[in-house]
Structure formats: structure tokens, C-alpha cells
Amino acid sequence: QVQLVESGGGLVQAGGSLRLSCAASGSILSVNIMGWHRQAPGKQRELVATITGGDWTNYADSVKGRFTISRDNSRNSVYLQMNSLKPEDTAVYYCNADIVTDWVTEKNYWGQGTQVTVSS
């Protein structure tokens, strides 16, 4: 059984910073692409950032220059450093990852989400 557990959400004023963490645990052979998505009230879930095992990164235009995604392969973990936060960044943030659990099985897993609220 594989689980992704996020932490680090909270309430912050506009212009502030937060760092989200997500750790994968369970029967894991390897972890490929990891990423963060977010869903604001009344809106569809959207991609925030992704990172490959070789540290290639991709960002949504709305967060470029403010957010930084990173990973620690030894800990099967991914992080999202969020700076210069804006009220429109308010959302539930979800971690996801493509995880290989045996020689023939790779699946996409999601965390339970962590709330980020940015006050103006």
C-alpha cells in the first residue's frame, strides 16, 4: 500500500511564504514524476509544478518565478517552496507521483491535500 502525505499548509498574509512537503511511503521500487496540483473553491484542479527524477521542472505560468519545486529521492519526497504568495494562490494543494511498486506496475497516486490560505 502506497501513501502520499502532505504537510506545511496554513494561513499566511499576502507576500509571505510557505513550504509544502510530501512524502511517499509503502512498497516502493522507484518514484518517477512528482508534482503539485491545486484546487480553489468552485474551480477545477490545476497543475502547479512537476519535477522528474532527473530534476527537470515545469511550472504553471501563474507561479513561475515565485514557486520552486524540488525533491529528495532518498526520502521519496517532493517539496514546494512558495514565495510572494497572493490571495489567488488560496487553494487545497495536492501532491501526486508516478510510483513503481514492482517490475510491471506503475501507478499515479495522490495525497489527501493540504489547505493554503493567503489573506489580503
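Two strands are counted as a pair when DSSP finds at least two bridges between them, and that rule underlies the first stop of this tour through a predicted model.

**Stop 1: strand β9 and its partners**

Select β9 together with strand β11, residues 114–119, and you will find the two paired in the antiparallel sense over 3 bridges. Within this pairing, valine 92 stands opposite glutamine 115 of β11.

Next, add strand β4, residues 30–39, which runs antiparallel to β9, residues 91–102, and is joined to that strand by 8 bridges. To find a point of reference along this pairing, pick valine 31, whose bridge partner in β9 is isoleucine 99.

Then bring in strand β10, residues 105–110, which is also antiparallel to β9 and is connected to β9 through 6 bridges. Here valine 100 has glutamate 106 of β10 as its bridge partner, and the two strands form a hairpin with 2 residues between them.

**Stop 2: the loop of the hairpin**

Stay at the hairpin and select valine 104, which lies in the loop between β9 and β10. Is this valine 104 buried or exposed? With a relative accessible area of 76%, valine 104 is exposed, and if you add Leu29 and Trp103 to the selection you will have the three residues that make a nonpolar surface patch of about 450 Å².

**Stop 3: the largest nonpolar core**

In soluble globular proteins, nonpolar side chains tend to be buried together. To see such a grouping here, select Trp36, Leu80, Met82, Tyr93 and Ile99, which touch the most other members among the 32 residues of the largest nonpolar core. The elements that contribute two or more residues to this core are β3 (18–25), β4, β5 (46–51), β7 (67–72), β8 (77–82), β9 and β11. Which of the elements gives the most to this core? That element is β9, with 5 residues.

Now centre the view on leucine 80 and, leaving aside its neighbours within four places in sequence, display its contacts, which are Leu18, Arg19, Leu20, Trp36, Val48, Ala49, Phe67, Thr68, Ile69 and Tyr93.

**Stop 4: tyrosine 59**

Move on to strand β6, residues 57–59, where tyrosine 59 has its place. At 18% relative accessibility, tyrosine 59 counts as buried, because the cut-off for that class is under 20%. Once the neighbours within four places in sequence are set aside, tyrosine 59 is in contact with Val48, Ala49, Lys64, Phe67, Thr68 and Ile69. If you draw a distance from the C-alpha of tyrosine 59 to that of serine 74, it comes to 23 Å, although the two residues are 15 apart in sequence.

**Stop 5: charged side chains**

Side chains of opposite charge can pair when their charged atoms come close. In this model the count comes to 5 salt bridges, and a good place to begin is arginine 38, which is buried with a relative accessible area of 5%. Glutamate 46 forms a salt bridge with arginine 38, the closest N and O atoms being 2.7 Å apart, and glutamate 46 itself is partly exposed, at 35% relative accessible area.

Keep arginine 38 selected and add aspartate 89, for these two side chains meet in a salt bridge of 2.9 Å from N to O. This pair links distant parts of the chain, with aspartate 89 in the loop between β8 and β9, arginine 38 in strand β4, and their positions 51 residues apart. Aspartate 89 is buried, with a relative accessible area of 1%. Through salt bridges that share partners, Arg38, Glu46, Arg66 and Asp89 are joined into one network.

For another pair, select aspartate 61 and lysine 64, whose side chains meet in a salt bridge of 3.1 Å, N to O. At 65% relative accessibility, aspartate 61 counts as exposed.

**Stop 6: two loop residues with positive phi**

Most residues other than glycine have a negative phi. Go to the loop between β7 and β8 to find asparagine 76, which is not a glycine and yet has a positive phi of about 50 degrees. Asparagine 76 counts as partly exposed, at 23% relative accessibility.

Finish in the loop between β8 and β9, where serine 84 is placed. The phi of serine 84 is near 50 degrees, again a positive value in a residue other than glycine, and serine 84 is partly exposed, with a relative accessible area of 43%.

Technical notes
Residues numbered from 1 in each chain as written. Predicted model: local features only at pLDDT ≥ 70, side-chain atom pairs only at ≥ 80, totals over all residues. Heavy atoms only, no water. Helix = DSSP H or I, 4+ residues; strand = E, 2+ residues; numbered from the N terminus. Core = buried A, V, L, I, M, F, W, Y, C linked by side-chain atoms within 4.5 Å. Buried < 20%, exposed > 50% of the residue type's maximum accessible area, 1.4 Å probe, protein only. Contact = heavy atoms within 4.5 Å. Patch = residues over 30% accessible without salt bridge, like charges linked within 9 Å, V, L, I, M, F, W, Y side chains within 5 Å. Areas by Shrake-Rupley, 256 points an atom, 1.4 Å probe, with all protein chains shown as cover. Salt bridge = Lys/Arg side-chain N within 4 Å of Asp/Glu carboxyl O.
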